[in-house]
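Student: Could you take me through a close look at one part of this, the salt bridges, and then fit the surroundings around them? I'd like the cut-offs spelled out as you go.

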Amino acid sequence: MNLFFYKVSTLSFLLLLSLIYQSSAQAVSGRVIETGGKGIESATITVLNAADSTVVRYEASNREGYFEITNLNNGLFTVKVSCMGYSSQLLNNIRFNGSSVKLTDVILNKQLKELKEVAIESKRPVLERKVDRWIFNLNNTIMANGSSLFEALQVAPFLKVSDNGVSMEGKGGMGVMVNEKIVYLSGTDLTNYLKTLRSESVEKIEIITNPPAKYEAQGNAGLINIVLKKNESLGWRGSLSSAYRQAIYASYNNNLALFFRSKKINSSFTFGQSRYHNILNNFLNMIGNSSQILSNEERTSITPGLQAGLSIDYELNKLNNIGFIYNISQSKEKNAFVNSYSYGASNTVDSVLNTKGEIFRPLFAQTLNIYHDLKIDSAGKKLSSSVNFFTNRPEVRNNFVSESESTHAAVRNNNSSKYNIWSIQSDLTLPYKWAKIETGVKFANFNNNADVEYYNYVNENFLLDKMRSNEFNYTEKNLASYFSMASELSKKWTAKAGLRYEYTMTDGYSPTLNQRNKRNYGALFPTAYIVYKANESNVFSLNYSRRINRPGLSSLNPFAYYTNIYTYFTGNPLLLPSYSNNFELNYLYKSMFSFTVFTQHASDANSLLTTIEGPLVVSSVGNFLTRDNVGAYVSINRAFFNWWENSSSASFFYSSSKSKIEAISIENGTSASFSFNNNFKATKLLNLYLNYSQSLPSTSGNTYTYSVRDFRVGARLKLLNNNLIINPSYFLGTINKYETRFSEFVRTEKTDYHYKTFGLGVTYLFGRSKVSGNNKDISFDEKRRAQ
């Protein structure tokens, strides 16, 4: 372990903690109450210069009526206190001269006259650029009312949303946070969770294409943070929804969400139940100069699942919050498959192998997060600590029979894993007038015990084949520390810089092979951001980050996962992490048009390796690519009329790669995609939408991907005072097809998911309309690697 790293981390924390007790900026605080003494929530407190009445700062009172405005300079000020439905109060000649001011209770009298109608028009732009992220203000779109969060995300720039999950343009899968809290779900579980959240509860969506030092350096993908509205009413709120989907087979999911808030408790409970019935056809051909393998497979899956989550946040006092978040999920996927492999040379067929089988994939996962927040002072200094636990027990029970003219083999191939991951972290936030400082430490521990068993059916019994079976134990420890600082250099310039250090210790051991692979490594991950606001219409920004992409835990297991007796995938215990350097240059015009140019250099990138020896096809993953990507992304979010909103985007990038393996045929190439999302407000109660997207053919490394297009049309009808929402929809997608090119053969895979689907969703909202769930800030990114 690097002793220098520990010394630097310790000294940094001591220095930062000492800053806490330095003199903070002056503040004015107090309470706004009614005549009877009840606190007034959401009153506006404005500090104005006494000389010219210009606004200095403003803040809103909390639900008990308390407020505090910090970072005030010396001078003479006027304090104005106002709230809709109450008369205003002016407090004149408030002087600051080196110390904070605490006001006596400010009493507002209720106005006797009621306004017949008040029209409030939000002036917040749809798209904003902050120093390290994009801000998409959902409130200014038609999607802000009457849709689920899953539907609303479809109009956000940089994002690709489908029933299989959420990804970022050019970056693939990504992390999703709600109020800085990582959502520990992926794929269809994530989409079901997003459907339980309502767009009305969302204040904004933060899109982080290059995550800063505070977040894990793992993964090349970005993050989104969904910020829920604050100052919500006390009481209960809930939603009950059901969605039906008809493709070749019918599927459905049901979701219940309950939220409760009191003066001390903020909590939420979610429950989901689903049953998905899908069919796919897969075609895999490997054609070389002297041989060919042609295959096709039909797979039908039925996946019933349950998922539940409970979160409780409790305010001990004005300075301390504690709470926990618990999620549990269980699914029992069952696949029935039939495939046929023909082996031959050129256009002749020498033999055919037919395989029929069933795969069972039971999965049980749990996540528990326990946290504590300490508000160090009224200026916003805060120390947040948490302990996170995650356990996942995926299993694969694969039974199949392979037959040809000369072969009959009945096989049972079982794979079971047990992931145990825990982490502990502490984050310190220090806002000052001249800068905002963030620093923290984190330790994460992975344990994965995997068991692969291969049985042959002999004499009416399944006998263990020890040569094809294996036990694999893997441990990984990550220690991280970070420091970042953000500052407004002037009215036009804002900058942020950070540095993260991560030290990793891995140990993979196979008792079957008596083989051990240990590796320790550390790396620095710098991040930097600068924003130049030329004027209200033109904003420029430049950012940089270094990232690491560690291999998935299942990719390190050295034993085989079989499709038939001649075809299998094997993990690679020597697989290394890959590193990437990412640059972005962004331009935003009038908060509706954005243009991004990006570059990425990735070293030791891993990719698929396939070898063929007669009928035997073996696939694995290796670190053999160095890849350079350069590209551009453009988006526009505009309301052409008050009844028509359009959100369109297009992307293009050029990929250049080099391979360490001569047998890998590398080609440089391009990729492009575009999308058009349209929302129409037919009436006050009826909205319509029509979305179309297409990815054009692309080449990257030794992989060529064919064009893919999606079409989606639907409606949202609101009834019963907007509490009942009906969503019919129709979705049409195309076949996924790609080629992996090697020097002696080309591997072509085509998958037809039968994307022709009619859907009908019904949602009922009940209780108070303004109660948000637990807004706790927690990060547990390591869990995603165990999916």
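Tutor: Sure, let's start with the count: there are 21 salt bridges, a salt bridge being a side-chain nitrogen of Lys or Arg within 4 Å of a carboxyl oxygen of Asp or Glu. Keep in mind that this is a predicted model, where local features need pLDDT of at least 70 and side-chain atom pairs count only at pLDDT 80 or more, while totals for chains, interfaces and linings use all residues. Residues are numbered from 1 along each chain as its sequence is written, and side-chain values use heavy atoms, with hydrogens and water left out.

Take E216 and K442, whose side chains meet in a salt bridge at 3.0 Å, N to O. This pair links distant parts of the chain, 226 residues apart: E216 is in the loop between β16 and β17, and K442 is in strand β27 (residues 436–458). Strands here are DSSP runs of E with at least two residues, numbered from the N terminus. E216 and K442 are both buried, which means under 20% relative accessible area (over 50% is exposed, in between is partly exposed; 1.4 Å probe, protein chains only).

Two other pairs are worth a look. E297 bridges to R299, with the closest N and O atoms 2.7 Å apart, and E297 counts as buried because its relative accessibility is 11%. R741 and E739 form a salt bridge too, their closest N and O atoms lying 3.1 Å apart, and both residues are buried. On top of that, salt bridges with shared partners tie D132, R133, K204, E206, K214, E438 and K496 into one network.

Now back to the strands on either side of the E216 loop. β16 (residues 202–208) and β17 (residues 223–228) run antiparallel and are joined by 6 bridges; I208, for one, has L223 in β17 as its bridge partner. Strands count as paired if DSSP finds at least two bridges between them. They belong to an open sheet of 6 strands with mixed pairing, in the order β9-β10-β16-β17-β14-β15. At its edges stand β9 (127–129) and β15 (181–182), each with a single partner strand, so one side of each has no neighbour in the sheet.

What about nonpolar packing? A nonpolar core is a set of buried Ala, Val, Leu, Ile, Met, Phe, Trp, Tyr and Cys residues joined through side-chain atoms within 4.5 Å. In the largest one, with 39 residues, F136, L194 and I207 touch the most other members. Leaving aside neighbours within four places in sequence, F136 is in contact (heavy atoms within 4.5 Å) with residues including V126, K204, I205, I207 and N637. K204 also turned up in the salt-bridge network. Another core, of 25 residues, lies apart, with F337, V617, V618 and F745 among them.

Elsewhere, β24 (residues 382–392) runs antiparallel to β23 (residues 351–375), with 11 bridges, one of which pairs L368 with F389. Their hairpin has 6 residues between the strands, and G380 there takes a positive phi near 110°. β24 is joined to β26 (residues 408–431) as well, antiparallel and through 11 bridges; S385 has S426 as its bridge partner in β26.

Conventions: Helix = DSSP H or I, 4+ residues; strand = E, 2+ residues; numbered from the N terminus.
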